[in-house]
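Visitor: I've got a chain to look at and would like a quick walk through it. Could you take my questions one at a time?

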Amino acid sequence: MSPRSASVNEELRRRSRERLLQAAVELVGEHGFEATTLGDIADRAGSARGLVSYYFPGKRQLVQSAVHRLMHRTLEEALEREPRTEDGRERLARAIDAVLGLARDRPVLMRQHMAGLLQAEGFVQCPEQRRLAELLSDTVARYGAQNVSADYPMLRALLMGAVYSALVPGVPMPVPALRAELFQRYGLDWEMGVPPESEPGPGSGDEDLSRFFATERRPESP
């Protein structure tokens, strides 16, 4: 049997990493961070347990990368959905609704993510986190910010604060109230984005996360 080519090995490694990211999001969303082990994630992904440490230094880094992937793909999907628009205010409204929607629809996962950010590791500088930052920075630029390098961190801080406020056990803030505050700050009309009254009811969301994780073989380049 001839050895696999470098491109085939690279593709197999990519697909293995994607499966681990998807499994991490699913299991932490179902059981929480502490109750999910690296062995559980490897088993769900159908990977050898030793491969987890090959791609990620530890569980915290794996879960952060997985959630950042879910966040950036959710944001990307919201920004590009039909009807597509280049209007900066509408795109900012969609971005706000996408992030708040994750807090509403995946509270266990996002609560664990926010708690993880307060650990010593802080933000994990991974490709998923960088892509999320790029999308939010571009959104701020299209909105018309004069100083993106200052306005992007402020938007990020406001979104993080809103997510945290929506998820505090015992005293959560209603997502529509948080949305109203953010929309007022940025001068956005309530009808922009996805207003709460047009959203599906609790439990009716799409739970299949596979579209956010590219586990299928990529098409061959021409």
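Guide: Here are a few questions on the fold, the burial and the cavity, with answers. This is a predicted model, where local features need pLDDT of at least 70, side-chain atom pairs count only at pLDDT 80 or more, and totals for chains, interfaces and linings use all residues. Residues are numbered from 1 along each chain as its sequence is written, and side-chain values use heavy atoms, with hydrogens and water left out.

Visitor: How many helices and strands does the chain have?
Guide: Elements here are DSSP runs, with helices being H or I of at least four residues and strands being E of at least two, numbered from the N terminus. Reading from that end, the order is α-α-α-α-α-α-α-α-α. The tally is zero strands and nine helices.

Visitor: What percentage of the residues is buried?
Guide: Buried means under 20% relative accessible area, using a 1.4 Å probe and protein chains only. The chain has 222 residues, and the buried part is 45%.

Visitor: Which helix supplies the largest share of the lining of the largest cavity?
Guide: A cavity is a set of points on a 1 Å grid over the protein atoms alone where a 1.4 Å probe fits but cannot get out, and lining residues have an atom within 4 Å of a point. At least two lining residues come from each of α4 (59–80), α6 (107–117), α7 (127–143) and α8 (148–167). The largest share is five residues, and the helix supplying them is α8.

Methods:
Buried means under 20% relative accessible area, exposed over 50%, partly exposed in between (1.4 Å probe, protein chains only).
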